[in-house]
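User: I'd like to learn how to read domains, interfaces, sheets and helix packing in a two-chain model. Can you walk me through it?
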Amino acid sequence: MIKLTINGKAHQLDVAPDTPLLWALRDTLQMTGTKYGCGQALCGACTVHVDGTPVRACTTPVSAVVGRKIRTIEAVDSERVGKVVQEAWRKLDVVQCGYCQSGQIMSAVALLSQNRKPTDADIDNAMSGNLCRCATYVRVRAAIHEAAKALA
Amino acid sequence: MSEIIIENLSRRRFLQGSAGLTLGFCLPAVAAAAAGKLGAVATVNTEINAFLKIGADNSVTVMSKHLEMGQGTYTGLATILADELDADWAHVRVEGAPADAKRYNNTFWGPSQGTGGSTAMANSWDQMRKAGAAGRAMLVSAAAKRWNVGAAEIVVRDGVVSHAGSGRKASFGELALDAAREAVPTEVKLKDPKDFRLIGKQAKRKDSAAKTNGTAQFTQDVFLPGMLVAVVAHPPQFGATVKSFDASKAKAIKGVVDVVQIPQGVAVLATDTWSAKKGRDALSVSWDDSKAFKLGSDEILAKYKEMAKKPGLIAANKGDTAKTFAGAAKVVSASFDFPYLAHAAMEPMNCVVHLKADGCEVWNGEQFQTVDQGRVAAVFGLKPEQVRLNMLYAGGSFGRRASTHSDYVMEAAHIVKAINGKAPVKLVWLREDDMRGGYYRPLFHHTLEAALDGSGKLVGWHHRLVGQSILTGSPFEAVMVKDGIDHVSVEGASNLPYAIPNLLVDLHTPTDIGVPVLWWRSVGSSHTAYSTEVFLDQVAAAMGKDPVALRLELLSEHPKHAGVLKLAAEKANWGTPLKAAPGERRGRGVAVHESFNSFVAQVAEVTVKKDGSIKVDRVVCAVDCGTAINPDNIRSQVEGAVGFALSAALSGEITLKGGRVEQGNFDGYPLLRIGDMPKVEVHIVPSSAAPTGIGEPGVPPLAPAVANAIAAATGKFLTKLPFNTTELVA
């Protein structure tokens, strides 16, 4: 049994220790907001927070996150920065297909938690691991600035 | 939630009598049963017509017959209907319609339901307006009867029906049941566009909330009791088949339940995705490659270049090109190479199939209902109507989920058949399966020649294309392949808008290339816009003319092309110098193209560094897509199209070696990342014409505009995609 703390709640999972956190979240717990895109930490669709740091759940074995605080898109609005980012995303209608957006938002929240006034370059750097095939990047940038304004 | 469907004979007459409008659908038996229970049901959605349900809670549910894959269709269709209904936008929600070509066909496609060709708004415009207006009229009639007042005195606004004289008011929800009993009007009065309250305004997306909190349902997110996940070992070359396989190690993996052979390969079924993947990794398959396609993409291209030396089938012919070129004072020529491209949607292909006693249920980002339904039915020996399709959000598609051969849907159905339907199955393609699964934008080779006469005038144009047909062998062949010419191979080339008196477009369609090909966002225009618009700049350079001025001269009979071109040029300050930092070269380039009846011009500003690397700084776009239903969504689609097209121009390329696809994931097939995304400005030409599409038309002009900007900066025209920037080293 693997014991994980996700969004403040303790879970016991009967999965192999090498199981990526992504599949434990999705298939075992049916927390499907976190998405599969590549399986190799190349696209960022599976981004979650581990102790506040964005990590790619598809290459993170569950054994590596035992005893650490995991946060997913499902609880992103439980803290102010997450709520503000989500609101900015909605205000600017950032999404298109939406499949990558959980990951985009998790990366944006991590950025704004560290840096309340990011420049375009800071944004490009922090968001460089998150692919969006619909190329919503213009609005991702704008929404992060919008959220920064609301947090100021 | 249960639904009441009320039999209404006049509604059926309306259904029969109005072309393109499928209002009202009722099964008498169901309706009679529902009518008997009317009094007992309090919280119901009343079906006003095939596209509209009104809830007792005042919710207005718009049924979308089209797939939402990011392009904003759910919001667009709801905007049209809700405006004519005078609904409160906050109460409007959207549901995916079931597969039912009688009610939900694409009115441009005859008796066929599906989404593609940027037709969703265009084919639904009248239909959704009438559905909304009919619903409104029925609410008004019901209120008039209830209040015993004249219908003409009743006002509807933001979901409230009111009568000023008596001071009476009712919400949609309060009137819904009575409204459904009203006769469906045979004629409806549509709004004067000046009275639109949602169309052309800023109606917010209906899917933003669900797509920002993780609750949006994609096929990948479907879980059914007892469901197994299947990961499939596919042959390494197209056309190879299973010779034999050893599943003993795969079956030893915890969670693996079954391993079965299907026509597409060997499927490993497990209780979860990770176990299925581990099972597939442990599987040993030997493949029979006797019928496999074994050429590499370099060999395919070499073959096409050879074919291009001979005349092809004529797709367009005007004047006398042979004579014109024979007498030309100057001939400009160029050739262009375009690679295979993967759609690479963020959600890899997947499909859930559940075989039941009385039929089959499918969950899919469903883009081709009629085609997929028929094929799945055939696998199980069912009637098409016994296959229920649930259309979920698609995590991108760009054409991939509109598979001419229902490829991945059939794969899922065959797995379920192979296990005798003992469990529902979610087929999951891992990224590598998706990348190597074929159905690419076809590889093309183009040659172009232009003839200038003694006075320097452009008098002749010859465009030859070589590439596989998408439609041959598909259900659309009969309609869209004429005299050997696949329309989508030459679209954008055979209808060149420029006034050139002598024009010849011919096509070679190789039939011995075993790589499956498919439409990829903007289809033929994804390559024809590039070759025509870059070549035209080469011709302009040879003539010593400004690219915008030359285009405007040649577009005298195409005011919409000219309109967007002028607007983009003006907004981009065309003709003013661009500042460049020391050691950098900068240039501006333009392209204009019509696709799917929409017109888009783009001006790109590009910086080329000493090492040849390029940065697209800004793209100014002008679009004419008729009535702008959701202006913000038009901007959003064009912004995204710029990024999508730039991704292909900078790095998009699927290559084969010995028939094997060399790329597997985003390391080998890199997609555009945020740092390379230019600033994008989108200007919309005001129009009261019927709406045309915007999902695709932003794509075609981008790459040629960027290439022309690179040429303006460096003097070098890039004729091979993706761009080889080593050609640009200073």
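Analyst: Sure, let's begin with the domains of chain A. The domain assignment, which is automatic or taken from a database, splits chain A into domain 1 (2–74) and domain 2 (75–151). Two bookkeeping points: this is a predicted model, where local features need pLDDT of at least 70 and side-chain atom pairs count only at pLDDT 80 or more, while totals for chains, interfaces and linings use all residues. Residues are numbered from 1 along each chain as its sequence is written, with chains lettered from A and ligands numbered from 1 in the order in which they are written.

User: How far apart are the C-alpha centres of domain 1 and domain 2 of chain A, and how many residues of each are in contact?

Analyst: The C-alpha centres of these two domains of chain A are 20 Å apart. Contact here means that the C-beta atoms of two residues, placed from the backbone, lie within 7 Å. On that basis, 19 residues of domain 1 of chain A touch 14 residues of domain 2 of chain A. On the domain 1 side, strand 3 (47–50) and strand 4 (53–56) of chain A are the elements that give two or more residues, and strand 3 of chain A gives the most, with three residues. Helices (H or I, at least four residues) and strands (E, at least two) are DSSP runs, numbered from the N terminus.

User: What is the class make-up of the domain 1 side of chain A?

Analyst: That side has six nonpolar, 10 polar and three charged residues. For the classes, Ala, Val, Leu, Ile, Met, Phe, Trp, Tyr, Cys and Pro count as nonpolar, Asp, Glu, Lys and Arg as charged, and the others, Gly among them, as polar.

User: Now the chains. How many residues does each of chain A and chain B put into their contact?

Analyst: In general, the size of an interface is often given as the accessible area lost when the parts come together. Here we have residue counts: chain A contributes 45 residues and chain B 48 residues. On the chain A side, the elements giving two or more residues are helix 1 (21–28), helix 2 (80–91), helix 3 (101–114) and helix 5 (137–151) of chain A. By class, the chain A side holds 22 nonpolar, 15 polar and eight charged residues.

User: How is chain B divided into domains?

Analyst: Chain B has domain 1 (3–195), domain 2 (224–290 + 346–435) and domain 3 (308–336 + 440–728). The C-alpha centres of domain 2 and domain 3 of chain B lie 37 Å apart, and their contact takes 14 residues from domain 2 and 16 residues from domain 3 of chain B. Helix 13 (residues 431–435) of chain B gives the most to the domain 2 side, with three residues. That side divides into six nonpolar, five polar and three charged residues.

User: On to sheets. In which order do the strands of the five-stranded sheet of chain B run?

Analyst: The general idea is that strands of a sheet pair through backbone hydrogen bonds, either parallel or antiparallel. In practice, two strands pair if DSSP finds at least two bridges between them. The open sheet of five strands in chain B has the order 14-24-21-20-15, with mixed pairing. Strand 14 (313–318) and strand 15 (330–338) of chain B are at the edges with a single partner strand each, so one side of each has no neighbour in the sheet. Neighbouring strands are turned by 10° against each other on average, direction ignored. Strand 14 and strand 24 (residues 502–508) of chain B run antiparallel, joined by five bridges, and B:Leu313 stands opposite B:Leu507 in strand 24 of chain B.

User: And the seven-stranded sheet of chain B: which strands are at its edges?

Analyst: The open sheet of seven strands has the order 11-12-9-19-16-17-18 (chain B), again with mixed pairing. Its edge strands are strand 11 (256–262) and strand 18 (387–391) of chain B, each pairing on one side only. Strand 9 (residues 228–233) and strand 19 (residues 425–428) of chain B run parallel and share three bridges.

User: Last one: at what angle do helix 11 and helix 12 of chain B pack?

Analyst: Two packed helices are described by the angle between their axes and the distance between the axes. Helix 11 (residues 369–380) and helix 12 (residues 407–418) of chain B pack at about 20°, with their axes 10 Å apart. Axes are lines fitted to C-alpha atoms, for helices over the stretch in contact, with angles from 0 to 180 degrees between N-to-C directions. That makes helix 11 of chain B roughly parallel to helix 12 of chain B (under 35 degrees is roughly parallel, over 145 roughly antiparallel, 65 to 115 roughly perpendicular, the rest oblique). Residues making the contact include B:Val376 of helix 11 of chain B and B:Ala413 of helix 12 of chain B.
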